[in-house]
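Colleague: I've got the model open and I'd like to know what sits behind the labels. Can you walk me through them?

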Amino acid sequence: MADKHVFSSPDGLVLVSLKGSVALNPTLRLHPPSRTVYITHPEPSTQIALVAGGGAGHEPAHAGFTGRGMLTASVSGDIFASPSAKQILSAILFAAFAGLPPPLSETTRPRDVLFIINNYTGDRLNFGLAIERARVRYPNLNIVSVLNADDVSLLPQATNDSREQPVVGPRGLAGNILVCKVLGAYTTFGAKGGLGDALVANLRSIGAALGHCHVPGRNAHSGTEVIELGFVELGLGLHNEPGMRRESLSSPTWLVSEMIRMILRSGSGWVGSEVNRTVFDPAEEWIRPGDATVLFLNNLGGISQLEMGATLEIVRNELATHGIFPVRIYSAPFMTSLNAPGFSISLVNVTRIHALVNDQTTGEEPVDILALLDAPTEAHSWVGTRSWSLEPRRTADEELEAEETLQVISHVSADAPSSSTQIALGTQTWEDVGFTTSEVEQGIRGACNALLGVEGELTKFDTAFGDGDCGETFSRGARSILSCLDAGILNVRTSPPAAFLEKIGELVEETMGGTIGAIFSIFFAAWSTATRTAPPTNPAAARDPALRKALAALYTHTPARPGDRTIIDALVPLCAPKVPQNFATNKQELLEYTVRVVKEAAGSTRHMRARFGRAVYVGTVGESEDSVAREEVPDPGAWGLAALVDGFVRGVQGT
């Protein structure tokens, strides 16, 4: 693999690259602080804005696919790192409001927003947090999402191993861009709903590479990252994640044949990331004789165009041996992995999609996937029309325009919340949810101090399975909250529950980081939303419904469930406890009971096998004394939550 680059450092590279991409299309603007690329003036008839994004390093995705007929806005993180929720929230605002006729006000009807999200933990959590936060701040904004999870290499494999399969589900690969094209055209013509889910349910991909990509400025690959000469890695992810296996590359024809075999044997009965929670039948024929298909061949960035042309012909020939003759064929570097010497193959079953969508739209003009693919677009990385202005472009003025546009948009609903929101914020009090303001503050301080006290323990537990930063992550959040309480930035006495919880979520996002930080941020944002209702008639029962709603919202952004050895194992008994009748009306006994069940749940993770997160991709080879010993430590996230709950209760009780 190549480890030589024109740029010797990744510092600032992403933003400079985005500026170059925007320079190719005069209808686009770049907002540098959020790394958002957006259409400055969408067509007046546009009612649905399409948004996608992710880490950098996959260019031309997604800035190159932003333009009329495809994405309304896209947002980029650092190299192979999801954009933050704050960045994504800016992208939502640009997509929903940019180009609407002035003056913008709280009565302005924004465009609906449709997200396309690739199935990676960081993307799902950060996009999920941004969506929840947008729903809190802009109640009249309608946001929905489609999850792309097209990688067949992570489907459950036939095995004699009795252990359960990981639940993270298939990763999102280059099929994401085909989804952007189809839904981009669909929303342009006025979407009716349902097509996105049908499309991703019938899109399958597999990648292969001769080596891993190399990030500018990083050290040369270590021995474990090097794929030996003459070998190929099947199932490689977009971020240098290990593939499912390495094989000797006997010939290009063998490689293509094996990849096509995996796609055709991917079965049916599953929808993206839900493969492990639905009926999966690998024996069922996914492409039937006569089904219309689309072939999508993606260069991961390091294969010559000469070889890609030859590969395409081998793919066509291999498909023909199965009686498959694609009605549309695309080949380009749609979604790369920097300079990885590899490619991916995607197939779409058009016939199945039409059957799902058109059977549900009786009386309406049927959806035509091929027409949507053929529809024109001004996204410069997809074949389509371009339009240019005669006036020379002034980048500085355009960037200033972008910043001014965001400032105007940001104050629309933030400064003038809806009347229902004002009523909810004004009527909810801490007493309504069963605590005095003094108890809340002392409880929060107790929770933060408890987390600081177990930092070393959490670090030790996390070192056994992860990168050892869990203790530090919890401590950063705790110190930030204590500091804001001391400075009066967080004030329980002057802030109603909804506003206070929203602020906690923002602090956690800014200071904690990582998966735990994203989970807490989404949870607090959803909890804030759940408390914006009229006070319950029974204050003793106020806590549970709001917490249950927050948990339900979190579930939409992560596939983790009880038994997966994550923080969810301890969060569920906190949010939805099975409280004995004799405890339900006694506050102190209820608090003690909650502490006990959360601690027990956290402790039970000692005996669980991890089915979610980093270990899913890395895996283990055999069993050893060391791996068995690691099973005896609890999940650090769940243990940290138990310490937090215990500290809160001790603070409330003053003990």
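Modeller: Sure, and keep in mind that this is a predicted model. H12 (437-453), H14 (470-487), H15 (497-511), H16 (514-530), H17 (543-555), H18 (568-575), H19 (587-604) and H22 (636-653) each give at least two residues to the lining of the largest cavity.

Colleague: What makes a residue part of the lining of the largest cavity?

Modeller: A lining residue has an atom within 4 Å of a cavity point. For the largest cavity, 36 residues line the space, and Ile444, Phe524, Trp527, Leu644 and Phe648 lie nearest its centre. Its volume is about 780 Å³.

Colleague: How is that lining made up by class?

Modeller: It has 32 nonpolar, three polar and one charged residues. The second largest cavity, at about 40 Å³, has five nonpolar, four polar and no charged residues in its lining. Leu173, Asn298 and Ser344 are among the residues there.

Colleague: Back to the helices. Why are H15 and H16 called roughly antiparallel?

Modeller: Angles over 145 degrees count as roughly antiparallel. H15 and H16 pack at about 165°, with their axes 8 Å apart, so the pair is roughly antiparallel. Their crossing is left-handed.

Colleague: Which residues make the contact between H15 and H16?

Modeller: On H15 they include Ala498, Leu501 and Val508, and on H16 they include Phe520, Phe524 and Trp527. By class, that contact has seven nonpolar, four polar and two charged residues. Phe524 and Trp527 of H16 belong to this contact and are also among the residues nearest the centre of the largest cavity.

Conventions. Residues numbered from 1 in each chain as written. Predicted model: local features only at pLDDT ≥ 70, side-chain atom pairs only at ≥ 80, totals over all residues. Heavy atoms only, no water. 1 Å grid on protein atoms, 1.4 Å probe; cavity = no way out; pocket = protein on both sides within 12 Å on 5 of 7 lines; lining within 4 Å. Points joined across faces, edges and corners; volume = space filled by probe spheres on them. Helix = DSSP H or I, 4+ residues; strand = E, 2+ residues; numbered from the N terminus. Nonpolar A, V, L, I, M, F, W, Y, C, P; charged D, E, K, R; others polar. Axes fitted to C-alpha atoms, helices over the stretch in contact; angles between N-to-C directions. Parallel < 35°, antiparallel > 145°, perpendicular 65-115°, else oblique. Left-handed = near helix turned anticlockwise from the far one by under 90°. Contact = heavy atoms within 4.5 Å.
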